[in-house]
Amino acid sequence: MRSDEFYMHRALDQAHLAAAMDEVPVGAVVVDAEGRIIGEAGNAPVSSCDPSGHAEIRALRAAALQQGNYRLADCTLFVTLEPCMMCAGAMVHARLRRLVYAAAEPRTGMVESKANLLAQPWFNHAIEVEGGVLAAASRKCLKAFFAARRDAADG
């Protein structure tokens, strides 16, 4: 199996594709137990007119379709930004084995920053969490995107 950094680079590739579509640059990939990428996506709520069009949700959907099952029990989700409440809930329902994220999201992060949603005792499934993998690269991508937006608004 390849390293967490390898898969996070693939998620960053998806984030860059999202930015090129003028979406907030968040990318995600789902990897199965054999190390195959079975789902990948970037953010697309604006272009898809879908409030659930976050990278995590879209990658989980693609993986579930590829597997023919919404349960992704032996899979790991790699995402470039700490997930929100909606995405954390979807991960629990998918029964992911593991979540690896890059940058913390201090405003809306529901894995460790604002809340520790995945560690709540009322859930019937626990997900192993690793944060900070290639965090600097993810933050750089996000900062560049928002700086360009501010510059465009000022110009």
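The following exercises, with worked solutions, concern a predicted model.

**Exercise 1. The annotated domain and the sheet**

Determine what secondary structure content residues 2-130 have, and in which order the strands of the sheet are arranged.

Solution.
1. The UniProt record, an unreviewed entry, places the feature "domain: CMP/dCMP-type deaminase" at residues 2-130.
2. Over residues 2-130 the chain is 31% helix and 20% strand. The end C-alpha atoms of this stretch lie 16 Å apart.
3. The sheet is open and consists of 5 strands, ordered E2-E1-E3-E4-E5, with mixed pairing.
4. Strand E2 (37-42) and strand E5 (128-131) are the edge strands, since each pairs on one side only.
5. On average, neighbouring strands of this sheet are turned by 15° against each other, direction ignored.

**Exercise 2. The E1-E2 pair and the packing of H2**

Establish in which sense E1 and E2 pair, and which strands helix H2 touches.

Solution.
1. Strands of a sheet pair through backbone hydrogen bonds, in either the parallel or the antiparallel sense.
2. For strand E1 (residues 27-31) and E2, the sense is antiparallel, and the pairing extends over 5 bridges.
3. Helix H2 (residues 55-67) packs on the sheet and touches E1, E2 and strand E3 (76-81). The direction of H2 makes about 150° with that of E2.
4. Within the E1-E2 pair, Val30 has Gly39 of E2 as its bridge partner.

**Exercise 3. The buried residues of H3**

Identify which residues of helix H3 are buried and what they pack against.

Solution.
1. Helix H3 comprises residues 85-94.
2. Its buried residues are Cys87, Ala88, Gly89, Met91, Val92 and Ala94.
3. The buried residues of H3 pack against H2, E3 and strand E4 (98-103).

**Exercise 4. Two positive phi values**

For Cys49 and Arg95, state where each residue is found, and decide whether Cys49 is buried or exposed and whether Arg95 is buried or exposed.

Solution.
1. The sign of phi deserves attention because most residues other than glycine have a negative phi.
2. Cys49 has a phi near 50°, a positive value in a residue other than glycine. Cys49 is located in the loop between E2 and H2.
3. The relative accessibility of Cys49 is 71%. Exposed means over 50%, so Cys49 counts as exposed.
4. Arg95 likewise is not a glycine, yet has a positive phi of about 60°. Arg95 comes just after H3, in the loop between H3 and E4.
5. The relative accessible area of Arg95 is 18%. Buried means under 20%; therefore Arg95 is buried.

Technical notes: Residues numbered from 1 in each chain as written. Predicted model: local features only at pLDDT ≥ 70, side-chain atom pairs only at ≥ 80, totals over all residues. Heavy atoms only, no water. UniProt positions renumbered as here; feature names shortened; annotations may be inferred. Helix = DSSP H or I, 4+ residues; strand = E, 2+ residues; numbered from the N terminus. Pairing = 2+ DSSP bridges. Axes fitted to C-alpha atoms, helices over the stretch in contact; angles between N-to-C directions. Contact = heavy atoms within 4.5 Å. Buried < 20%, exposed > 50% of the residue type's maximum accessible area, 1.4 Å probe, protein only.
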